[in-house]
Amino acid sequence: MKQKQITGSEALMLALQAEGVRTIFGYPGGSIMPVYDALYDYTRGEKKAFDHILVRHEQGATHAAEGYARVTGRVGVALVTSGPGATNTLTGVADAMLDSTPIVVIAGQVPIGALGTDAFQEVDLVGVAQPISKWSYQIRHAEDVAWAVSRAFYIARSGRPGPVVLDFPKNAQTEKVNYEPKHVDFVRSYVAYPTLDPNAVAQAVALINHSQRPLALVGQGVELGNAQQELKDFLEKADIPAGRTMLGLSALPSNHPLNVGMLGMHGNYAPNLKEQECDVLIAIGMRFSDRVTGNLKTYAKQAKVIHLDIDRSEIDKNVKADVAVVADCKESLPAITALIDKGHHKAWRDSFLPLAEKERQKVIEPAIHPKEGPLLMGEVVNAVAEAAPDNAILVTDVGQNQLFATRYFKYHHQRSICTSGGLGTMGYGMPAAIGATFGAPSRTVCCFMGDGGFQMCIEELGTIMEQQAPVKMILMNNHYLGNVRQWQDMFWNRRKSFTRMMNPSYALIAQGYGIPYEAVTEREGLADAVARMLATDGPYIMECAILEDDDVLPMTPPGMNVNDMMLSIEDKKK
Amino acid sequence: MENKKLYTLLVYSENIAGILNQITAVFTRRQVNIESLNVSASSIPGVHKYTITAWSDEDQIVKITRQIEKKIDVVKANYFTDDQLFIRESGLYKLSTPIVLENPEVSRTIRRHDASIIEVNPTYSIVMKYGVTDDIISLYHALDEFGCVLQYTRSGRIAVTRGMQEEVSKFLEQREKRLTD
């Protein structure tokens, strides 16, 4: 029986189909043309398998793939050409690596015969991507396509997820092959799901049972492990208050009684101070980022640390663990819950309340319900959060917009937040929001951006226009790179070195792209404007004129102790 | 940094292009210099063995080892101190034959250090020594006293563990078993 031979490009189509890919974010170019030619057939007519979203810059393709992955839990796909197309994806690859986001980037490459000759648009992509990706591989021949694609998707989504880069030389795209599907779900050198150690579980249980003041730190690992229910079961049985990291915000609903707020530099006051008082700290799928711990020399020294993580290299990396439970938290949490005693920590939980109340009076109320002066970011976020449906997804850019948005948005459902936590990539917001609208078409996607980040991937307005992607863009314009400006004011003698920005007319830009736009300058008009934005089908830009020197508070200055968190700028002088 | 010791990492990987780059990048990222490096096929078909030495403290070498083992195609990575390993390396010394002939102390030194002369011609002689690092260096210093050394080089360290079974074989057995279960 003679099999029909197909090209490597068509093999790629079949391999992507076999992985369940439905949406591809991409940008064509010379070295990926055979794939785009095959894609033509697979995006229409009887062979239609994919929607291809033409982005306006390859960086946008990677962030869109990240947004898509974050809200769906599936692997996001970016398809680009070689050389600059490939290097433009690197920021997104690094971003996905730090934030454990499963994406696969497929990039064209010059034919293998031309490799190493400095051919037109040749870049050693595998070489440059290796340190910032989970796996990078060059598919040198068409016969490797099925195996490499399946392996790439398996590696991207399994264990601790991350980005995979496939470099696809042009000869392999055009070579003919007898296509045979491959399904990789085992790589002998890669232990995606470590075996749960019952001894570690027993030690964790003993510490938890004997603790008087336990505190849980919930990270994105809970979302990635799809273990929101297991987390709730654990917390509720043990009666343990829980702080969430920025990426873990929707792992536990905002209104859950055991939620005590966000951790970290601009998180909530109570959990930051209580990290220094608890006797047992239970870190669940989080990596003790410096933005969470502040000064490691003083961080939670009084506490026994239990660290639940799927990635063994996270154990003892920043904070020494007394007990390490290396496994998927979907497995480790129920194992611990089954063995612990029913906990009663009301007095300890109640001790968070005065701190929360202090923060509410000194920071939150003035931020979300100001009585006078220009608009503040906190009140804009709060207005959107109050009006948005419960299933809304928060997407943020990076900077003050991100810190205010993550602080004041409300999270009711899992997978409700897309933000660049690790790499802190300005320009992430708009393309990630596009990806989120394709991943979760039935949910409202609210994307908060500052005037700096809005302009960093502003070209993606073209994608939003063409796709009519229903991104609700909230542009909080203070004519400053606000977060850097805040640090300059606080730590650099108020020398505002190149943080003030001249802005274009966003009204005219919106008009140029045919996107509905409204400017909000007065407090009185805010709620109605938000309502109009949310009621409008399709994309929308709401530009808010924000107080120029609005500061994000509270704040633990970088490198300081978490219990030195300041509720006001004046605290710094103390 | 006073607690720095010379650690030996034994790393086993699949035979896929670019692994060496990934391993060394873990050192580079932390600005740790690799003292010596040897790559060869291992006793397991398709698996390569890397023997790497570096000065480090234990805290750092643990992190480096885990980051290396985290690479998808790295099968296993472990770190050892010298007492846990049987270690050998070799040194090659190219000496000036006229000086060697002139001064009989040179030959006596070579014999005393248990090294062998493997080639002699009128201009130069080649001496080789197997042993541990210190012995090879000590012969170099002794020969250098005579002013006869034209060239000198030392190989990377090779090492086997003093434990009974190669841990990596056990690991692979367990992995393959899980696949077939």
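Into which domains is chain A divided? In this predicted model, chain A breaks up into domain 1 (5-178), domain 2 (198-353) and domain 3 (374-546). The centres of domain 1 of chain A and domain 2 of chain A, taken over C-alpha atoms, sit 37 Å apart. Where these two domains of chain A meet, six residues of domain 1 are in contact with six residues of domain 2. On the domain 1 side of that meeting point, the residues sort into one nonpolar, three polar and two charged.

Now for chain A as a whole. Its secondary structure adds up to 24 helices and 20 strands. The radius of gyration of chain A comes out at 24 Å, close to the 25 Å that the globule rule gives for 574 residues, so chain A is as compact as a globular protein of that length. Along the principal axes, the C-alpha atoms of chain A fill a box of roughly 75 × 60 × 40 Å. Of the 574 residues in chain A, 57% are buried. As for how the chain connects to itself, take the contacts in chain A between residues at least 6 apart in sequence: 78% of them join residues at least 24 apart.

A few spots along the backbone of chain A deserve a look. Most residues other than glycine have a negative phi, and most peptide bonds are trans. Ser100(A) goes against that habit, with a positive phi near 50°. This serine sits in the loop between α5 (90-98) and β5 (103-109) of chain A. Is Ser100(A) buried or exposed? Ser100(A) counts as buried because it has 26 C-beta neighbours inside 10 Å, and the cut-off for being buried is 20 or more.

Asn226(A) is another non-glycine residue with a positive phi, this one of about 55°. Its place is the loop between α10 (221-224) and α11 (228-238) of chain A. Asn226(A) has 14 other C-beta atoms within 10 Å, so it is partly exposed. Further along, the peptide bond from Leu553(A) to Pro554(A) is cis, and its omega is near -5°. Pro554(A) belongs to the segment after β20 (540-545) of chain A.

On to the partner chain. Chain B has six helices and nine strands, and is divided into domain 1 (5-80) and domain 2 (86-154). Taken over C-alpha atoms, the centres of these two domains of chain B are separated by 31 Å. How does the radius of gyration of chain B compare with that of a compact globule of 181 residues? Chain B has 20 Å, whereas such a globule would have a value near 16 Å. The C-alpha trace of chain B spans about 70 × 40 × 30 Å along its principal axes. Buried residues account for 28% of the 181 in chain B. Of the contacts in chain B between residues at least 6 apart in sequence, 75% link residues at least 24 apart.

One helix of chain B, α5 (residues 133-145), can be followed in some detail. With 13 residues at 1.5 Å a residue, this helix should span 18 Å, and its end C-alpha atoms are 19 Å apart, which agrees. Which residues of α5(B) are buried? They are Ile136(B), Leu139(B) and Leu143(B). Seen down the axis of α5(B), the buried residues fall within an arc of 60°, so they line one face of the helix. What do these buried residues pack against? Their packing partners in chain B are β5 (85-96), α4 (104-112), β7 (124-131) and β8 (149-154). The other side of α5(B) carries the exposed residues Asp134(B), His141(B), Asp144(B) and Glu145(B). Just after the helix comes Gly147(B), which takes a positive phi of about 70°.

That leaves the place where the chains touch. How many residues does each chain give to the contact? Chain A supplies 16 residues and chain B supplies 19 residues. On the side of chain A that touches chain B, the residues divide into seven nonpolar, four polar and five charged.

Notes:
Residues are numbered from 1 along each chain as its sequence is written. Chains are lettered from A and ligands numbered from 1 in the order in which they are written. This is a predicted model: local features need pLDDT of at least 70, side-chain atom pairs count only at pLDDT 80 or more; totals for chains, interfaces and linings use all residues. Two residues are in contact if their C-beta atoms, placed from the backbone, lie within 7 Å. Ala, Val, Leu, Ile, Met, Phe, Trp, Tyr, Cys and Pro count as nonpolar, Asp, Glu, Lys and Arg as charged, and the others, Gly among them, as polar. Domain bounds come from an automatic or database domain assignment. Helices (H or I, at least four residues) and strands (E, at least two) are DSSP runs, numbered from the N terminus. The expected span of a helix is 1.5 Å times one less than its number of residues. A residue is buried if 20 or more other C-beta atoms lie within 10 Å of its own, exposed if 12 or fewer, and partly exposed in between; C-beta atoms are placed from the backbone. The arc is that of the directions from the helix axis to the C-beta atoms. The radius of gyration is taken over C-alpha atoms; the globule rule is 2.2 Å times the number of residues to the power 0.38.
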